[in-house]
Amino acid sequence: MHIMSKPQFENKQRGLAFRMSLLIVTSTTLIFIVAFGYDYYVSRNLIMDNIREESRQLAAGTILKIEAVLGNAERPARVMAKNLDDRYVPTDRILTVLEKMVAGNPEIFGSTVAFEPYGHDIQSYYFAPYYSRTKNGLKLSYLGGKSYNYFLMDWYKVPRETGRPAWSEPYYDEGGGNIVMSTFSAPFFKTARGNQTFSGVVTADISLEWLQDIISGLSISKNGYAFLISQNGVFVSHPRREWIMRESIFTIAKAANDPDLRETGRDMVRGGSGFIPMKSHFTGKKAWMYYAPVPLTNWTMGVIISDDELFSGLYSLNKAVLFIAAAGVCLLAAIVVYISNTITMPLRRLAAAAAEISRGSLDTPLPLPASRDEVGELISSFDNMRSSLKEYIADLKETTAAKERMESELKIGRTIQMSFLPQVFPPFPGRNEFDLFAKLEPAREVGGDLYGFSLVDENTLFFSIGDVSGKGVPAALFMAVTKTAMNAIIVPGIDPATILSRVNAELCRDNEEMMFCTMVCGLLDLQTGECLYSNAGHNPPLVVRTEAAGYRAEWLELPEGMLMGINDKVGYQTRKIHLNTGDMLLLYTDGVTEAMDENEKLYSEERLFSVAGTSGPASPEDLIAGVLKSVQDFCGNAPQSDDITIMVLRFKGSGRLPA
């Protein structure tokens, strides 16, 4: 016997020693990788937590510095606005207070008291004296005019609309301070008859140059930096000076087509905070950013830290660890290979002998065991297996011969079964009063399904369908006896019940194996559509009625009738049904309704009823094809356990009963 066509162990490096070494080294490597990965993950998270906290503290300290400057600018403006509520203050007094406020607060670049039209002097539409710093000291100017309509400026409109103090968006104040600044505006009011009306604002302008000095002075690693954006996302401070007051975080996101950066910008202008990774198009390299709001102005500060600097120490340590680990794995592999080869030498000798046995040389001698260890036990077991294999081969030859005889019997039985069934359709090409089609889908084993039809006389068609118990050649032979007996009994004028009674009597004679057969048969008058039928324990057929709206299925009411072949004393009944033009009879065996899917769920009569009543067939062949497809779709990959037989008879005559 030739069990293996290719010698084993042609390459000793691929033998047991190789696989043992590979398994140990691979397992050790995987354990190291898992440990290394866990250590890297924990270390990276610790670094991230530390840098997040350091960034938060750095941002918080810087924001406190910024708010300290902003607060120093806010306070005098709020006090002066409070003093102007419901009071008239002479011009000279306003000028004096403004001058002292600017002179006494180095954070303030300039300040004005801007009134509503004719709000201070009924002769003046504009009144907004403005003190600002210059190289030569303080300078007084008056804002307002066609070239500088301060009523339309944000620093004036926002407090007027909201009635609350506010910081403006950074802007270049052309005609005022002529610098990039942000303005704090505190409104003041007048009360008349209980109603408070807006009267004007007191402002405190701050130059944004000091912001750049504060933020650029922060110590944030080697390549890290900080920046500041306004409440609209415009860069107020950034190392790239060409971005200041010209770009926003949203324009950068749009240019880079980066929806993540755009969403981060939205969170920043909403006053959110977070610690997130940043892409290279924003920072110049991969980095991390911590951002937090400046509450007084609704601005946001961001702190950028380079990813390379953040993890440079971790990367260096990991390289060293990986080098040491690789050297250790190589040394371990060499030791394991040496030990494995020493242990597996007896097994290789046994493998060489086994290779000869696998080629059919069952008498090849086996190596003698050097000891009673596992290898010795294996050699003894292999010797016993060789003896058992000889016996198995002899038994297999006998079993194969028996199986071939059985398969031959099954083929003979299938040939017997199919030879007794009509295979040519249409069976009566010259007759137009009816259409008839039948289909048998055999299972793997031979079964006993049968169907038949014949013209009893010029105007009468006999039809039948049945199912014999059992499988194999006995079922096929019993089916042949049933068909032969029925063909001999059918004569003009006989009724279906008599046919079944006489066939039953024939099948009961000498039926020592107690085989039986179920059957439905009928006689169709091809002129009137009158159909006589009888039943011997078979599945109820379906009547598919043709109506104006389509097709309608109904069960054919069968009379009670016992299986044929069990008791020759039983009787059968004949019933009648009328078929109209286009109506069909669908007859089938239990291989249809008892077909099972992969979960052993039955196809069922209900499913067959639904398919027959909704398919709208154009012919008996179409109806059978639709039912078979439905059964196949239902069963899926489940094997067919029984023959499936379907026959459809369609009446095409006038269908009128005689008067």
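## Exercises on a predicted model

The buried residues of helix α14 pack against strands β13 (434-441), β18 (542-547), β21 (584-588) and β22 (644-651), and against helices α12 (590-593) and α13 (605-614). The exercises below concern a predicted model, and the first of them takes up this helix.

**Exercise 1. Determine whether the length of α14 agrees with its number of residues, and where around the axis its buried residues lie.**

Step 1. Helix α14 covers residues 620-635, and at 1.5 Å a residue its 16 residues should span 22 Å, the span being reckoned with one less than the number of residues. The C-alpha atoms at its ends are 23 Å apart, which agrees with that expectation.

Step 2. Taking buried to mean under 20% relative accessible area, list the residues of α14 that qualify: Pro620, Leu623, Ile624, Val627, Leu628, Ser630, Val631, Phe634 and Cys635. These residues cover an arc of only 155° around the axis, and they therefore lie on the same side of α14.

Step 3. The spacing in the list can be read against a general rule: an α-helix has 3.6 residues a turn, so residues three or four places apart point the same way.

Step 4. Beyond the end of the helix, α14 is followed by Gly636, whose phi is positive, near 65°.

**Exercise 2. Work out the strand order of the five-stranded open sheet, and explain why β9 and β10 are each left with one side without a neighbour.**

Step 1. The strands follow one another in the order β9-β8-β12-β11-β10, and their pairing is antiparallel.

Step 2. Strands β9 (235-237) and β10 (274-278) stand at the edges, where each has a single partner strand, so one side of each lacks a neighbour in the sheet. From one strand to the next, the twist averages 30°.

Step 3. At the β9 edge, two bridges join β9 to the antiparallel strand β8 (residues 225-229), and Ile229 stands opposite Phe235 in β9.

Step 4. Add the helix that covers part of the sheet: α6 (residues 259-269) lies across β8, β10, β11 (287-294) and β12 (299-306), and it runs at about 25° to β11.

**Exercise 3. Locate Asn257, Asp510 and the Phe425 to Pro426 peptide bond, and describe the backbone geometry of each.**

Step 1. Start from the general expectation that most residues other than glycine have a negative phi, and that most peptide bonds are trans.

Step 2. Asn257, although not a glycine, has a positive phi of about 50°; its place is in the loop between α5 (249-256) and α6, and with a relative accessibility of 66% it counts as exposed.

Step 3. Asp510, likewise not a glycine, has a positive phi of about 60°, and it lies in the loop between α11 (496-508) and β16 (517-525). Its relative accessible area is 73%, so Asp510 is exposed.

Step 4. The peptide bond from Phe425 to Pro426 is cis, with omega near 0°, and Pro426 is placed in the loop between α9 (374-419) and β13.

**Exercise 4. Establish how many disulfides the structure holds, and whether Cys330 and Cys635 are buried or exposed.**

Step 1. A search of the whole structure finds zero disulfides.

Step 2. Cys330 has a relative accessibility of 56%, and since exposed means over 50%, Cys330 counts as exposed. Cys635, by contrast, is buried, with a relative accessible area of 11%.

Step 3. As a setting for these two residues, buried residues make up 44% of the 659 residues in the chain.

Notes: Residues numbered from 1 in each chain as written. Predicted model: local features only at pLDDT ≥ 70, side-chain atom pairs only at ≥ 80, totals over all residues. Heavy atoms only, no water. Pairing = 2+ DSSP bridges. Helix = DSSP H or I, 4+ residues; strand = E, 2+ residues; numbered from the N terminus. Axes fitted to C-alpha atoms, helices over the stretch in contact; angles between N-to-C directions. Contact = heavy atoms within 4.5 Å. Buried < 20%, exposed > 50% of the residue type's maximum accessible area, 1.4 Å probe, protein only. Arc of directions from axis to C-beta. Disulfide = S-S within 2.5 Å.
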